[in-house]
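Here is a chain to go through term by term. Each label should be traced back to its cut-off.

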Amino acid sequence: MESRKNLTGSVCGLLGLVLTFTGVAGPYWPVVVFGLYGAGALIAPPERPPLPDFPSPSEQLDAVRADFDRLGGYLADVELPPTVAGRLTALTELLGALLAPGWVAEALAADPEGVHTVSRAVRQDVPEAVDAFVRTRWWHRMTPGQEPPERHLERQLGLLHEEAERLAADLREAEARRQESHTRYLEDRGGLSG
């Protein structure tokens, strides 16, 4: 009843009734009224479906934080060699710092690619790397003499740490540009030069 097509058709149908009462439609008034209603319904813009209700970036980060906590519980149960454990600790500390509530997380939330990078690391890359190590380590014990799985895990964690460091550097750089822009704005506003 409240659709655009029905409302537009009704308005055009009322126009047909006005034409009928003024004598313009003549004996064909029903055809005129229904014809104008149909024409109005046809020319009305189609109904636009509502936009999907996607979570906001801060809500996405809340979900990633919850997954990061679950990941921490999983990693606490995995036995890793000391060198690998140190790399994993450095990586999880960096990811935790990026996800910690505050202005860093707000800056991260403003960067969809950054949110995706952290989300992928927490939900996919780190668990997959550690799980593959755990599985491969068992097979390595059965067939010694091959490259130890610790090396692959060490390289994977190193690459993930580099990716997280690049993200942190990009966020830091964006804040520095913001600060410089504000300085230029204040200088331009006051007509002063530094």
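Q: How many helices and strands does the chain have?
A: The chain has 7 helices and 0 strands. Helices (H or I, at least four residues) and strands (E, at least two) are DSSP runs, numbered from the N terminus. Along the sequence the pattern reads α-α-α-α-α-α-α.

Q: What kind of model is this, and which residues count?
A: This is a predicted model, where local features need pLDDT of at least 70, side-chain atom pairs count only at pLDDT 80 or more, and totals for chains, interfaces and linings use all residues. Residues are numbered from 1 along each chain as its sequence is written, and side-chain values use heavy atoms, with hydrogens and water left out.

Q: How do you know how the chain stands against a compact globule?
A: Set the radius of gyration against the rule. The radius is taken over C-alpha atoms, and the globule rule is 2.2 Å times the number of residues to the power 0.38. For 194 residues a compact globule would be near 16 Å, but the chain has 32 Å. The C-alpha atoms fill a box of roughly 100 × 65 × 25 Å along the principal axes.

Q: Why is Ser 119 called buried or exposed?
A: Buried means under 20% relative accessible area, exposed over 50%, partly exposed in between (1.4 Å probe, protein chains only). Ser 119 has 13% relative accessibility, so Ser 119 counts as buried. Ser 119 is found in helix H6. Across the chain, 28% of the 194 residues count as buried.

Q: What makes a residue a contact of Ser 119, and which residues are in contact with Ser 119, leaving aside neighbours within four places in sequence?
A: Contact means heavy atoms within 4.5 Å. With those neighbours left aside, Ser 119 is in contact with Val 64 and Gln 124. Val 64 is itself one of the buried residues of H3.

Q: How do you know how the reach of H3 and of H7 compares with the expected span?
A: The expected span is 1.5 Å times one less than the number of residues. Helix H3 (residues 57-76) has 20 residues and reaches 28 Å from first C-alpha to last, close to the 28 Å expected. Helix H7 (residues 149-190) has 42 residues and reaches 62 Å, close to the 62 Å expected.

Q: What do the buried residues of H3 and H7 pack against?
A: Those of H3, including Leu 61, Phe 68 and Leu 71, pack against H4, H5 and H6. Those of H7, among them Leu 153, His 161 and Leu 171, pack against helix H4 (82-99), helix H5 (103-109) and helix H6 (112-142).
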